[in-house]
Amino acid sequence: YTWRVLAIYMFLAANLSEQQALKQACPSCDTTQLCNCSSMGLDFIPLGLTAKITLLNLAHNRIKHIRSQDLQQAVNLRALLLQSNQISSIDEDSFQSLAKLELLDLSNNSLSHVSPVWFGHLFSLQHLHLQGNSYRELGESSPFSSLRNLSSLHVGNPQFSVIRQGNFEGIELLHKLWIDGSNLGQYEQGSLKSIKEINHMIINLRNSNIFSEIVRDLLHSVTWLEVTEIKLPVEKKSLVQNSTRPFRIQKLTFKEAFFTDQTISRGIVLLKEITSLKEVEAIDCMLEGQGRWTMEEIAKSGQSFVETVTIINVVIQNFHLFFDLDGMESQINNLKRLTIASSNVFMVPCNLARHFSSLLYLDFHDNLLANKRLNETICEGSLPSLQTLNLSQNSLKFLEQIAKYTSRLPKLNNLDVSQNNFGGIPDVCEWPKALKYLNLSSTQISKVTTCIPPTLEVLDVSANNLKEFGLQLPLLKELYLTKNHLKTLPGATPIPNLVALSVRRNKLNSFSKEEFEGAQVGAVHLSLMECHRSLVVSMICVLVFLVILLLVAVGYKYHVVWYVRMTWAWLRAKRKPKRAPPKDVCYDAFVSYSENDSDWVENTMVRELEQACPPFRLCLHKRDFVPGKWIVDNIIDSIEKSRKTLFVLSEHFVQSEWCKYELDFSHFRLFDENNDAAILVLLEPIQSKAIPKRFCKLRKIMNTKTYLEWPAGEEQQQVFWENLKGALKS
């Protein structure tokens with residue numbers, strides 16, 4: 001038993017050196033399941049990764065190659081982040097043991113091809129990022145056919161030029177598909193049709209000639225299609241030719257796209273054919289034109305099914321020459337939500353505004369609207385159904401006029417005019433009768449007057465110059481007074497239904513009894529728990545948490561769990577027979593050594609002994625241990641099946657962190673000087689005093705028992721091998 005335990009001790013010391021290497025390369029891996037090794041200048045995946053790790057972040061390093069054994073032990077890995085390295089090659093079975101992996105990020109590396117073998121065993125993979133590499137195509141078939149649980153896929157790069165039929169075979173449902181096709185030159189019709197359902201697809205596409213082909217393939221699968229960097233073509237063919245209804249596509253977004261009057265005119269006509277399309281967006285786009293659209297052709301093509309239009313930061317060259325879109329009236333009757341923001345809009349013609357008969361929501365924030373033009377935009381009979389209007393960040397100045405114009409909107413209940421410069425505020429204003437929400441924040445007002453409508457339920461006057469607030473607002477439920485100059489709270493009587501009040505960042509320094517008028521509470525005597533129940537419960541929870549945290553910390557620091565498992569294994573070993581039956585002995589010797597000495601052991605000693613005549617059969621942990629079995633059980637079984645136990649001693653071993661455990665091992669009688677089953681090989685000179693004091697038994701053995709020393713000269717080495725072979729035969 002003595003030599004069994006010593007072998008366990010020596011072997012775990014060797015494994016500890018691997019853990020030391022991992023700890024040095026990536027300190028966070030030593031204490032948590034989340035192993036963050038990003039931006040640490042690593043050239044390779046560190047040794048010592050274990051099954052306890054669930055997230056491994058190796059992003060932003062200099063890794064060039066992923067080897068078969070690098071991730072072999074990380075069997076419980078859920079997320080592997082390898083983006084922004086220099087990876088150019090991956091062994092075919094590198095990910096074979098990662099059956100639980102859900103996220104794999106290989107983006108922004110140097111992969112020149114994508115192999116389906118890499119992903120063959122990733123049965124749980126949901127998110128795969130391959131963008132930003134150097135491959136030009138995905139191959140002749142699908143690299144993703146085995147990924148049945150895939151939810152999001154990112155592919156493509158500036159060199160990506162071909163999409164072939166079959167590239168996406170095996171994928172049936174994707175939440176998100178992102179393709180960088182900025183230089184895509186060839187698209188084989190039907191390539192994307194194999195995917196039955198895609199919730200959101202983003203494609204970076206500059207080649208306008210293949211845009212319509214892709215749209216036709218996606219009519220029945222994509223819910224939201226987002227296209228970036230495209231110069232929209234003047235498409236003559238129908239987008240739905242040879243396609244049957246119903247279609248799935250509901251939302252179409254253009255980002256950083258380029259339009260002309262011709263492409264806009266033709267696009268409006270063609271998009272009407274997609275009867276399922278309900279929302280269109282244009283963000284950070286450019287329009288080269290003056291609004292000279294073919295209104296007759298647009299009108300003949302019938303009604304549009306689009307209900308929501310969003311236009312944000314669209315640049316119109318020479319926008320002051322832009323036409324008033326006369327003739328578009330018939331196309332906007334069904335529109336329900338319209339946003340035109342950060343696009344230099346200064347008015348909407350009254351005739352056009354009157355045809356927004358179904359519009360419920362209108363957002364004109366961050367434009368050039370002024371009071372005079374607002375009278376044209378909100379004219380009599382315009383926007384009859386409008387409920388929400390956002391006019392924030394414009395050039396509005398007179399609140400009385402804004403109130404008058406908006407009073408023409410009979411159903412308006414939500415108005416935002418924040419971040420305009422009003423300065424003053426009149427005493428009387430005429431507002432929409434249904435108005436319930438009013439945002440006057442950041443408008444430079446210094447007082448509030450009865451211009452504020454009494455119908456309000458929510459009022460925001462934050463970030464102004466108010467010194468007091470004393471309005472009578474009987475229906476008000478929420479009041480926001482943040483970032484003003486208030487010295488006292490608003491009275492409770494004028495706002496009896498208030499449920500939310502924000503007064504942060506004011507000049508309040510005291511509160512009077514009158515400011516908190518309400519029903520008086522009678523004299524009662526309550527316990528601490530009744531008075532401060534939340535506080536007491538919180539303190540108890542915090543104390544329990546701290547105790548648990550302390551126990552976990554102590555257990556980790558002193559390796560309590562490891563000691564319990566080790567003691568149990570040692571007790572089981574003690575109950576077994578002292579020596580295995582001869583028929584069960586499989587090896588001449590079990591070799592215990594430090595990982596730092598593996599080169600000498602595996603390339604020098606093993607070659608000399610296993611190629612001898614007759615050859616010796618050696619047991620090494622890397623080669624002969626049973627996968628999946630606990631390491632201590634592997635060691636005990638290997639020692640029992642070996643005639644001898646051969647220890648390779650060196651400075652690497654005696655200086656390892658295994659010394660932490662020696663104090664407990666000393667109570668288990670690790671060494672028995674009269675047992676000849678052990679062979680000690682001294683790989684390099686070790687002074688007895690250099691051995692840590694807690695290795696007391698080892699120090700005693702080295703002082704009383706003969707051991708073999710590895711010599712420097714070749715002649716002496718021959719003698720060493722003869723002596724070692726003789727010891728193994730004895």
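I began with helix H3, residues 261-272 (helices being DSSP runs of H or I with at least four residues, strands runs of E with at least two, numbered from the N terminus), and compared its length with expectation. Its twelve residues should span 16 Å at 1.5 Å a residue (the expected span being 1.5 Å times one less than the number of residues), and I found the end C-alpha atoms 17 Å apart, which agrees.

This is a predicted model, in which I took local features only at pLDDT of at least 70 and side-chain atom pairs only at 80 or more, while totals for chains, interfaces and linings use all residues. Residues are numbered from 1 along each chain as its sequence is written, and side-chain values use heavy atoms, without hydrogens and water.

I then looked up the cover of H3 and found nine of its twelve residues buried (under 20% relative accessible area with a 1.4 Å probe, protein chains only; exposed is over 50%, partly exposed in between). Asp-261, Ile-264, Arg-266 and Leu-270 are among them, and what covers the buried residues includes strand E15 (258-260), strand E17 (286-288) and helix H4 (295-300).

Next I turned to helix H9 (residues 533-557), where Phe-545 is found; Phe-545 is exposed, with a relative accessible area of 51%.

Last, I checked pLDDT (the predictor's confidence in each residue, from 0 to 100): the chain mean is 84, and 82% of residues reach 70 or more. Over residues 519-526 pLDDT is below 50, and this stretch has one contact (heavy atoms within 4.5 Å) beyond near neighbours in sequence. Over residues 658-674 pLDDT stays under 50, yet the model has 48 contacts there beyond four places in sequence.
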